[in-house]
Amino acid sequence: MTRTAPGGHVIVVGAGLAGLSAALHLTGAGREVTVLESADGPGGRAPRLQRSGYSLDTGPTVVTVPGVLADAFAAVGEDLDDHVRLLPVDPAYVAQLHDGSTLALTTDSAVMASRIQALAGPGDAAGYLRLVDHLRALYCVELPSFIDRNLGSPASLANRSLLDIVRLQGFSRLDRVIARYFEDERLRRAFSFQALYAGVSPARALGVFAIITAMDLVEGVTYPQGGINAIPAAMAGALARHGAEIRYGTTVTSVVDDGRSVSVTTADGVRHVADSVVLTCEPDSAATLLGDRSPRALRRPVRLSPSCVVLAAGVRRRIPGRGHHTIHLGNAWDEVFDDLDRGRLMRDPSFLVSVPSRTDPTIAPPGHDVLYALFPAPHLRHRTALDWETLRPSYRRHMLDHLDAAGFGDLSPHLEAEELITPADWMRRGFAGGTPLSAAHTFSQSGPFRTPNQVTDRIVLAGSGTTPGIGVPMVVISGRLAAERLVGRDPAYRSRAWH
């Protein structure tokens, strides 16, 4: 069978946040859009997992920079607030520090300075206020100039904003930047661990990645009522209302650009012909779909981010503690990153615990909680990859033991609706090297050096593996940037994220 699209038809492969963002911007630009998704619903790395009265997140756990989501809805004339209720998360994190002390991290700079003074003294409290000024300045330069725009080549960085980034130590090492503001090692760790989200240690990350800290602790953290999947569900609903088509349970097996149109073949043997295509898979998966015609940029070796093991579960009781998010920082620090880089399990783990039912009680039955625990782990492309089929039961026990020692109590008898995801599971879900965190943000894999989003004149790429990178706001922006490659930039566009 063959379906031939009329002029201006775009096929988007994937109904994750990147694909849905691209589809909304393309629909708003007047294109006919068809979204093909292999799963039975929208979400991608933020799927809907409803079990026994619990809504479980297994991917992202919070939303930052909601303005980029608002941009996607505004592309079709809709208001994000009409469809998604974003609940403030405060504190954004509770940092459980390696000496047993805790620090609740909030966006209120005066309150935060007071807490830091109580923990580490007036010098570091003053340093924190200087850091906030630094982060705000970095955010205001970096987001519009380097993240929220298509960069054609390294030469496209040569402008006044680049000089501002240099002045703001964007090309220094992140740990050295943070050390300028804090004497206390505990605070240096609490304000630099976010580099792990970019796939590199603070000692190797560039100062530009302090923007992640800015997004979390200056701009603020929110959680969508109903769970993270409420966002892609609302985006899919907006697309349906504006005439786009989404076909679930449809797996794409090949993509061919003949120079005049693009043919997309699905597992059921149907060939769809469109004017252009947006691919939202990882670059190596895109290369597989394109076959022999895939460009070299999609096939080049990449340095991967570490992976993770996620335990998501319903808990038949209230979980001790007070934070929606608690980051537990072990005694080891550099050793943690060394272990991950060398393909070893963390000997002294640092890990994240999220209890989103503290912010949104509707996602669990009354008197119960939802647990999300994330332990970083090596990806599977190390010379000797870990055997997760063998490790699975013992590592689950290892996680629960550390949760118990961290003050959450023995959760084993109270878990139900449980989902444990290891790097082997991520691999089966199609993530290169068994990591959902894609390519690490090293210097040679960031900005214009990352896998480009322009594949051919008719095929573009969106998602974590291309520009601008990983994280909810980044992949939503990547969808808009991919759409712009096909329809051009709207001269009236002014992002709600930085105005």
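**Exercise 1. Describe how strand 13 is paired on its two sides, and state how far it is covered.**

Solution.
Step 1. Strand 13 and strand 14 make a hairpin in which four residues lie between the strands, and Gly269 in that turn has a positive phi of about 85 degrees. The model is a predicted one.
Step 2. The pairing of strand 13 with strand 14 (residues 271-274) is antiparallel and has four bridges. Within it, Val262 has Ala274 of strand 14 as its bridge partner.
Step 3. Strand 12 (residues 252-257) is also antiparallel to strand 13, and five bridges join the two. Here Val252 is opposite Thr266 of strand 13.
Step 4. Strand 12 and strand 13 likewise form a hairpin with four residues between them, and Gly259 in the turn has a positive phi of about 95 degrees.
Step 5. Of the five residues of strand 13 (residues 262-266), four are buried, and the strand is thus mostly covered.

**Exercise 2. Find the edge strands of the seven-stranded open sheet and place helix 13 relative to its strands.**

Solution.
Step 1. The strand order is 9-8-17-18-19-16-20, and the pairing is mixed.
Step 2. Strand 9 (102-105) and strand 20 (415-421) are at the edges; each has a single partner strand, so one side of each lacks a neighbour in the sheet.
Step 3. From one strand to the next, the twist averages 15 degrees.
Step 4. For a parallel pair, take strand 8 (residues 93-96) and strand 17 (residues 325-328), which are joined by three bridges. Gln96 has His328 of strand 17 as its bridge partner.
Step 5. Helix 13 (residues 388-408) lies across strand 16 (307-315), strand 17, strand 18 (351-354), strand 19 (369-377) and strand 20. Its direction is at about 115 degrees to strand 19.

**Exercise 3. Give the order and the edges of the three-stranded open sheet.**

Solution.
Step 1. The order is 6-10-7, with antiparallel pairing.
Step 2. Strand 6 (63-64) and strand 7 (86-88) are the edge strands, each pairing on one side only.
Step 3. Strand 6 is joined to strand 10 (residues 221-224) by two bridges, and the two run antiparallel. In this pair, the bridge partner of Val63 is Thr222 of strand 10.

**Exercise 4. Classify the crossing of helix 1 and helix 2, and list the residues that make the contact.**

Solution.
Step 1. Two packed helices are described by the angle between their axes and the distance between the axes.
Step 2. The axes of helix 1 (residues 17-28) and helix 2 (residues 67-74) come within 8 Å, and they cross at roughly 40 degrees.
Step 3. Angles under 35 degrees would count as roughly parallel, and 65 to 115 as roughly perpendicular. Helix 1 and helix 2 are therefore oblique to each other.
Step 4. Ser21, Leu24 and His25 of helix 1 make the contact with Asp71, Ala72 and Phe73 of helix 2.
Step 5. By class, the residues of this contact are three nonpolar, two polar and one charged.

**Exercise 5. Decide whether Ile165, Phe337 and Ser464 are buried or exposed, and identify contacts of each.**

Solution.
Step 1. The cut-off for buried is under 20% relative accessible area.
Step 2. Ile165 is found in helix 5 (residues 160-167). Its relative accessible area is 1%, so Ile165 is buried. Beyond four places in sequence, Ile165 is in contact with Leu138, Val141, Glu142, Phe146, Gly170, Phe171 and Val208. The C-alpha atoms of Ile165 and Ser145 are 9.8 Å apart, with these positions 20 residues apart along the chain.
Step 3. Phe337 belongs to helix 12 (residues 334-341). At a relative accessible area of 8%, Phe337 is buried. Not counting residues up to four places away in sequence, Phe337 touches Leu196, Ser201 and Pro202. Leu196 is 141 residues from Phe337 in sequence, and the C-alpha to C-alpha distance is 8.6 Å.
Step 4. Ser464 lies in a loop, between strand 21 (459-461) and helix 15 (472-487). With a relative accessible area of 7%, Ser464 is buried. Its contacts beyond four places in sequence include Arg45, Glu282, Ser438 and Arg450.

**Exercise 6. State which residues have pLDDT under 50, and how they should be read.**

Solution.
Step 1. The chain has a mean pLDDT of 92, and 97% of its residues reach 70 or more.
Step 2. Over residues 1-6, pLDDT stays under 50, and the model has 15 contacts beyond four places in sequence for this stretch.
Step 3. Where pLDDT is low, the predicted coordinates should not be read in detail.

Note on methods: Residues numbered from 1 in each chain as written. Predicted model: local features only at pLDDT ≥ 70, side-chain atom pairs only at ≥ 80, totals over all residues. Heavy atoms only, no water. Axes fitted to C-alpha atoms, helices over the stretch in contact; angles between N-to-C directions. Parallel < 35°, antiparallel > 145°, perpendicular 65-115°, else oblique. Contact = heavy atoms within 4.5 Å. Nonpolar A, V, L, I, M, F, W, Y, C, P; charged D, E, K, R; others polar. Buried < 20%, exposed > 50% of the residue type's maximum accessible area, 1.4 Å probe, protein only. pLDDT = per-residue confidence, 0-100. Pairing = 2+ DSSP bridges.
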